[in-house]
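These are my notebook entries on a structure that I looked through feature by feature. Each entry records what I looked up and what I found.

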Amino acid sequence: MRHTRAVPRVGPLVAGEESAEVLDVDALLDDPDRHVLVCCGSGGVGKTTTSAALALRAAERGRKVCVLTIDPARRLAQALGIERLDNTPRPVEGLETQSGGSLDAMMLDMKRTFDEVVQSQASPEKAAQILANPFYVAVSSSFAGTQEYMAMEKLGQLDAEARRTGRYDLIVVDTPPSRSALDFLDAPERLSSFLDGRFMRLLLAPAKGPARFMTAGVGLVTGAVTKIIGAQVLQDVKAFVAAFDTLFGGFRTRAQRTYELLQDPRTAFVVVAAPEPDALREAAYFVERLRAEQMPLAGLVVNRASPAPVESLSAGAATAAAERLRGEGDALAAGLLRLHADRVTLVARERRLTGRFATSHPDVPTAVLPALSTDVHDLAGLRRIGELLSSQRA
Amino acid sequence: MSATLFPDAQLHVVTGKGGTGKSTVAAALALALASRGQTVLLCEVEGRQGIAQIFDVAPLPYEERLLVRPQAGAGDVYALAIDPESALLEYLDMYYRLGRAGKALDRFGVVEFATTIAPGVRDVLLTGKVYEAANRNRRNKGARHYDAIVLDAPPTGRIAQFLNVNQELAGLAKVGPVKGQAEVVSTLLHSPRTAIHLVTVLEEMPVQETGDGIAELRDIGLPVGAVVVNLLRPQDLDATDREALAGGRADRDALAASLGAAGVEPTPELLDGLLEEGRHHAERRRLEDEQRAVVTGLGVPVVELPLLPGGVDMGGLYELAERLCEEGLG
C-alpha cells in the first residue's frame with residue numbers, strides 16, 4: 001500500500017457525513033518497502049501497547065522487527081523482556097516463528113544515547129570533558145525535548161544498522177509521552193538551534209566579527225543572564241560551548257538526516273488517539289503537521305473505544321424501563337438497563353467525536369480498537385490487539 | 001456540604017497521568033472552591049490552553065481573566081495561562097526595572113536561553129508566578145486577592161521534579177536571585193498552605209504512577225493532598241450479580257421476565273447483548289476493585305468522580321464540582 005499524498009481541501013464545506021477509509025494494518029505491516037513505523041499521539045492513549053502489538057504482529061507475519069519503546073508499563077516491559085535499561089535490543093521470548101520472522105525489543109536510555117553521540121563525535125579527551133560538564137549533565141538528563149531527540153537519534157542508529165547488516169527489515173518506534181504529540185518532530189531542531197544559537201555564539205566570541213558592534217548590548221545581556229542564573233552557571237555553559245563547538249555541525253547533520261528519514265517513503269506514521277476530544281484534537285494537529293512536512297501518514301488508530309452496545313434498545317427506552325423496575329426487586333435487570341443506557345450514550349459520543357475527525361480528515365484511513373475488559377501485559381494480549389487491528393470491518 | 005479535607009490549603013496543585021482528566025478535575029475543583037464563596041484563580045503552565053478548551057473561551061493570555069461568575073453567593077473564578085518567557089520578563093521588570101532592556105534581551109534570544117538551559121529555571125519561573133499570586137495581598141496594594149489558587153500542574157511523572165524547585169536548581173544556580181526566588185517558593189510549597197492532589201483512573205499503569213508520585217512527593221517533604229479517582233464506571237450492579245455475569249451464570253429467564261414487565265420486548269438478541277455488556281462491565285469492575293484496593297492502601301484521602309457518559313460540558317463540570325464538595329475537596 002503506497003501512500004498517496006494528501007490533496008489540499010478547501011474548508012469544512014467539502015465534508016459531508018462520511019466515514020473514513022479503513023486502515024489495512026496487515027497490508028501496512030507486510031509492505032516490504034516499509035522499514036520504519038512511527039507511532040505517535042498524546043500521552044495516555046496506549047501508544048506503547050499499540051506499537052508493541054504492531055511489532056509482534058509484523059514479526060509473526062515473517063518480518064525481522066525491532067521495537068523501540070520509551071516508557072512501557074512494568075508488566076509489559078517484563079513480557080517483552082526489557083526491564084533492563086541497557087540501550088540494546090534483545091530478542092523477545094515466546095514468539096511464534098513459523099513464518100521466519102523475529103522480534104527484538106529495547107527501551108530507550110536517553111542519557112546513554114546522548115553520551116554515545118558525544119563519544120562518537122568527539123576525541124576521547126574532549127568527550128570526557130563534555131560528559132563531566134555540569135551543564136551537559138543538566139541538558140542530557142533533563143532538557144525539555146532531549147528524550148524526543150534521543151528517540152529519533154536511536155531510530156536513526158537502528159535504521160543505519162539495519163541497512164548495514166540486514167538484521168532488521170522493520171523498525172517500530174514508540175514516541176515519548178510528550179505534553180504535545182508534536183514535540184518529537186521539533187525536538188532535534190530545537191536542541192540543535194539552541195546549541196547553535198546566537199546567544200551561545202555571543203558567549204563564546206563576543207568581540208569578533210559583526211558582534212563587535214554590539215559589545216555594549218552583549219555586556220547588558222550577559223550581565224542580565226548572570227543576574228538570573230548566577231555566574232557559575234554561565235561559566236559552565238561557556239566551558240560546555242567551547243568544548244562542544246566542533247560538535248555542533250555534527251549535531252545539525254544528524255538532526256537533518258533523521259528528519260529526512262522521517263520524510264522518506266520507507267517510513268510510515270501511525271497516529272494513535274483515544275475517542276476523547278483532547279486526544280483527537282492532538283491527532284488532528286498531528287495529521288496536519290505531517291502533511292505540511294510531507295511525511296508519510298499510514299493512518300489513525302483510535303484505541304479504547306467503548307464496545308458497541310446491542311442496537312435495538314435506545315438509551316431513553318432503557319432508562320425508562322430501569323425506572324419502571326425500581327422497587328420491583330430485580331436489581332440485575334435494572335442495573336443492566338442503566339448500564340446499557342450509559343453505554344449507548346458513551347458510544348454515541350465517541351462516534352460523534354471520531355466521526356468529526358473523519359469528516360475533517362476523510363482521507364486518513366482509520367482503525368477503531370474496542371477497549372478490552374482486561375489490561376494487556378503479555379504476548380497473548382498483544383496478539384489479540386494485533387488481531388483486532390487487522391480485522392476491521394469496512 | 002461536608003467539611004473540607006484541607007482547611008488550610010490555599011494552593012491546590014492538581015496533577016495526574018495523561019488521559020486521566022487532570023485538567024477537568026482542576027477546573028471542577030476551581031468551581032467547587034468558588035461555590036464556597038471563595039475568589040479562585042485557576043492556572044495552567046504547560047502551554048496547552050486546556051482551560052480555554054474546557055470552558056470554551058478564546059485562548060488565554062498571560063493575564064488574569066474573569067472566567068466564570070457563578071450564581072449569587074459564590075465567588076468568581078479567574079484564569080491565567082503562565083508561560084516561562086512572560087514570567088521571566090515580568091520577573092526581571094519587577095526586580096530590576098529593566099523596561100525596554102527586557103525587550104532587547106528577548107531579541108538576543110536570552111529569554112529563550114534562560115528558560116531552556118534547564119527545566120529547573122523554567123519551573124522556578126512558573127511556580128514563582130503562582131507564588132506571586134498567592135502572596136499578593138501583602139505586597140501589591142490594590143491587586144486582586146485570591147482566597148484559593150488551583151494549579152493545573154505537569155503530569156504525575158514530572159510533578160516532584162517540578163515542585164522541588166530548590167533541589168533542582170542546586171546543581172545549577174548556586175547563587176543569584178533565581179536561587180533566592182526558589183527558596184521563598186519552596187517555603188510555600190512545603191507548608192500546609194499547599195495540597196497536591198493526584199488524579200488517576202482505576203487502571204494499573206496510572207495507579208502505579210500515582211503510588212510512585214506520592215512516594216516521591218513524601219520523600220522530599222511536599223504535602224500530598226487527595227487522590228482523585230476519576231472516570232469511575234457506574235456502580236449499579238452488586239458483587240453477586242457481577243460474579244454471575246462474569247461467569248456466564250446470570251439468570252437469563254428472570255432477566256427476560258423483568259424486561260417484559262418493564263415494557264421492553266426481550267428478544268434473544270437483546271438478552272445476549274445485555275448479558276455481554278454486563279459481563280464486560282463485571283470484568284472491568286473486577287480490575288477496578290483490585291486497583292481501588294491499591295489506591296486505598298496509599299494512606300491518602302480518596303475522592304471519587306463518576307464517568308459522565310455524555311462528556312464533560314459546563315453542566316458536567318458543575319456536577320463534578322458538586323461531587324468534589326460533597327467529598328470534602330473544595
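**Entry 1: a threonine in chain B**

With which side chain does the side chain of B:T200 make a polar contact? I first noted that I was working with a predicted model. I then found that the partner is the side chain of B:T210, at 3.5 Å. I located B:T200 in strand 6 of chain B, which covers residues 194–200. I looked up its exposure as well: the relative accessible area of B:T200 is 0%, so I entered the residue as buried, the cut-off being under 20%. I next listed what B:T200 touches, leaving out neighbours within four places in sequence. The contacts are B:T20, B:P206, B:V207, B:T210, B:V227, B:V228, B:V229 and B:N230. B:T210 thus appears both in this list and as the polar partner.

**Entry 2: chain B as a whole**

I looked up the make-up of chain B and recorded 15 helices and 8 strands. Of its 330 residues, 56% count as buried. I also checked the contacts in chain B with a separation of 6 or more: residues 24 or more positions apart account for 73% of them.

**Entry 3: a glutamate in chain B**

Is B:E183 buried, partly exposed or exposed? I found a relative accessible area of 40% for B:E183, which is between the 20% and 50% cut-offs and therefore counts as partly exposed. I placed B:E183 in helix 10 of chain B, residues 177–189. I also looked up its separation from B:L198, 15 residues apart from it along the chain, and noted 24 Å between the C-alpha atoms.

**Entry 4: aromatic pairs**

How many aromatic pairs does a search of the whole structure find? I recorded 3 over all chains, and I describe two of them here, among them A:F114 with A:Y136. This pair is edge-to-face, with 5.3 Å centre to centre and 80 degrees between the planes. A:F114 belongs to helix 4 of chain A (residues 110–121) and A:Y136 to helix 6 of chain A (residues 134–142), so the pair ties together parts 22 residues apart in sequence. I entered A:F114 as buried, at 1% relative accessibility, and A:Y136 as buried, at 0%.

I next looked up A:F269 and A:F286, which form a tilted pair with 6.2 Å centre to centre and 50 degrees between the planes. A:F269 is in strand 6 of chain A (residues 267–273) and A:F286 in helix 13 of chain A (residues 277–292), and the pair links these distant parts of the chain, 17 residues apart. Both A:F269 and A:F286 are buried.

**Entry 5: a glutamate in chain A**

I found A:E153 in helix 7 of chain A, residues 146–165. Its relative accessibility is 5%, and I therefore counted A:E153 as buried. Neighbours within four places in sequence aside, A:E153 is in contact with A:T113, A:V117 and A:R254.

**Entry 6: a helix crossing between the chains**

At roughly what angle do the axes of helix 15 of chain A and helix 14 of chain B cross? I recorded roughly 85 degrees, with the axes of helix 15 (residues 331–360) and helix 14 (residues 268–296) coming within 10 Å. I therefore classed the two helices as roughly perpendicular. Helix 15 of chain A contributes A:L336, A:L337, A:L339, A:H340 and A:R343 to the contact. Helix 14 of chain B contributes B:L274, B:L275, B:E277, B:G278, B:H280 and B:H281. I sorted the residues of this contact into 5 nonpolar, 4 polar and 2 charged.

Methods
Residues are numbered from 1 along each chain as its sequence is written. Chains are lettered from A and ligands numbered from 1 in the order in which they are written. This is a predicted model: local features need pLDDT of at least 70, side-chain atom pairs count only at pLDDT 80 or more; totals for chains, interfaces and linings use all residues. Side-chain values use heavy atoms; hydrogens and water are left out. Helices (H or I, at least four residues) and strands (E, at least two) are DSSP runs, numbered from the N terminus. Buried means under 20% relative accessible area, exposed over 50%, partly exposed in between (1.4 Å probe, protein chains only). A polar contact is a pair of N or O atoms within 3.5 Å; within protein, one must be able to donate a hydrogen and the other to accept it, and residues adjacent in sequence count only if both atoms are side-chain atoms. Contact means heavy atoms within 4.5 Å. Rings of Phe, Tyr and Trp (its six-membered ring) pair if their centres lie within 6.5 Å; planes under 30 degrees apart count as stacked, over 60 as edge-to-face and the rest as tilted. Axes are lines fitted to C-alpha atoms, for helices over the stretch in contact, and angles run from 0 to 180 degrees between N-to-C directions. Angles under 35 degrees count as roughly parallel, over 145 as roughly antiparallel, 65 to 115 as roughly perpendicular and the rest as oblique. Ala, Val, Leu, Ile, Met, Phe, Trp, Tyr, Cys and Pro count as nonpolar, Asp, Glu, Lys and Arg as charged, and the others, Gly among them, as polar.
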